[in-house]
Amino acid sequence: EKAGHKHFMAKEIAEQPIVLAEAMTHYVQNGEITLPEALDFTKFDRITMVACGTAYLACLTAKYWFEQIARIPVEVDVASEFRYREPPIPARTLAIFVSQSGETADTLAALHYAKGKADMILSVVNVTESSMARDSDLALPILAGVEVSVASTKAFTCQLSLLSLLTLKAAQQRGKIDIGTAAKHLENLKKIPSLISHSLAISSDVKKIARKIAKAEDVLFLGRGAMFPLALEGALKLKELSYIHAEGYASGELKHGPIALIDNRVPVVVMAPRDALFDKTVSNMQEVMARGGKVLLISDAKGIAQAGQGVWETLTMPEVDPVFAPILYALPAQLLAYYTAIAKGTDVDQPRNLAKSVTVE
Ligand code: M6R
């Protein structure tokens, strides 16, 4: 049932090109994003997104998309904080709950809190017969297929891909995007599955680097813009699977504290697709190097040619449109955690102290 893979996680990572392509085919027909008519973004002035763990990081990524492309303000909260803070929910709010299982206790309780207050409750789930799907006004499946490994991988990229389609739909309905730009974004999104498929070839490089990372006690992940949540995801995956202490930071926050941690024992993973903020990320990276930090630069060949001098290690990704780069860059984050866990001999599919579905708070 692991289809020739050593672990479910490896199988689920490898499945991403297929499930993502299938989900795109499901949601995009004849160049049109097909979503239920009930979902009308002209009815909302704001979005509140609530989730836990990796699903929360998918929401944080989507905030950049919704705000930049659809020009709709988004708040994102972890469910355990949202539910007890009991925030006021203004009129014309769409509340989106993202969960692989659809059963996470805190997210479900947050959904129940928002019911009757938000104008619409939308859940983005993998398990369509889940409690969240049942209790929502509308449930959209991410179509990732069963995810067994405790570490969420394909569910994350499928969540991102559906959230990016919701963004484009919102931008169209709200008149914030012209036909040509929308078509270009869709084309770029359609390319992601094959880019992920090609990028699986970085596995052998990742394996080599992971053997060195396995010796570290602390690892930092840095990213800017929509790559900041990806830095958080890289750190979460590494902690979860290898039990190495890891933190993700927005690159620009480095000098406000975390740079004090840098010395020659701390690998710093810099997630840097060549986007509008590339040069700023590189200058933060150089600050790390000037203090002896060991930088693993993840970028495309041009980015590495431009900024890779003197770095500790590099991983070369294919060129990708910067908007949806987070979906592609999830792959090196997943592979780093996977191979570091292998190097440390930890239980990849069932890390200590963790459950696949957290149904108690
Ligand atoms: O089923 P859910 O998506 O609601 O689960 C949320 C988190 O528990 C989950 O993403 C967790 O953080 C993963 N183990 C991360 O890999």
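Me: What makes a pair of atoms a polar contact here?
Reply: A polar contact is a pair of N or O atoms within 3.5 Å. Keep in mind that this is a predicted model. In it, a polar side-chain atom of Glu240 sits 2.5 Å from a nitrogen atom of the ligand. That value falls within 3.5 Å, so the pair counts as a polar contact.

Me: What about Ser99 and the ligand, how do you know that pair qualifies?
Reply: An oxygen atom of the ligand lies 2.6 Å from a polar side-chain atom of Ser99. Set against the 3.5 Å limit, the pair therefore passes too.

Me: And which part of Thr54 takes part, backbone or side chain?
Reply: The backbone: one of its polar atoms is 3.1 Å from an oxygen atom of the ligand. This is again within 3.5 Å, so call it a polar contact. As for cover, the ligand taken alone exposes 410 Å², and the protein buries 91% of that.

Me: Which residues come nearest to the ligand, and how many are around it?
Reply: There are 13 residues around the ligand, with Ser99, Gln100, Ser101, Thr104 and Glu240 coming nearest. By class, the shell splits into four nonpolar, seven polar and two charged residues.

Me: Which helices each supply at least two residues of that shell?
Reply: Helix H3 (53-69) and helix H10 (227-242) do. H3 gives the most, with three residues.

Me: Why say that the ligand sits in a pocket?
Reply: The test is that more than half of a molecule's atoms lie within 2 Å of the pocket's grid points. The space taken by the ligand is the largest pocket, which holds about 530 Å³ of space.

Me: What lines the largest pocket?
Reply: Its lining has 24 residues, and Cys52, Gly53, Thr54, Lys356 and Val358 lie nearest the centre. H3, strand E5 (93-99), helix H5 (105-114) and H10 are the elements giving two or more residues to this lining. Sorted by class, the lining has ten nonpolar, ten polar and four charged residues.

Me: What is the volume of the second largest pocket, and what lines it?
Reply: Its volume is about 230 Å³. The lining has 14 residues, of which Gln68, Ala226, Asp275, Pro322 and Val323 are closest to the centre. H3 gives the most to this lining, with four residues.

Me: What makes Pro322 and Val323 nonpolar in that lining?
Reply: Pro and Val are both on the nonpolar list, so these two residues count as nonpolar. The whole lining of the second largest pocket has ten nonpolar, two polar and two charged residues.

Technical notes:
Residues are numbered from 1 along each chain as its sequence is written. This is a predicted model: local features need pLDDT of at least 70, side-chain atom pairs count only at pLDDT 80 or more; totals for chains, interfaces and linings use all residues. Side-chain values use heavy atoms; hydrogens and water are left out. A residue is near a molecule or strand if one of its heavy atoms lies within 4 Å of it. A polar contact is a pair of N or O atoms within 3.5 Å; within protein, one must be able to donate a hydrogen and the other to accept it, and residues adjacent in sequence count only if both atoms are side-chain atoms. Accessible areas come from the Shrake-Rupley method with a 1.4 Å probe; for residues, only the protein chains shown count as cover. On a 1 Å grid over the protein atoms alone, a cavity is a set of points where a 1.4 Å probe fits but cannot get out, and a pocket is an open set with protein on both sides within 12 Å along at least five of seven lines; lining residues have an atom within 4 Å of a point. Grid points are joined across faces, edges and corners, and a volume is the space filled by probe spheres set on the points.
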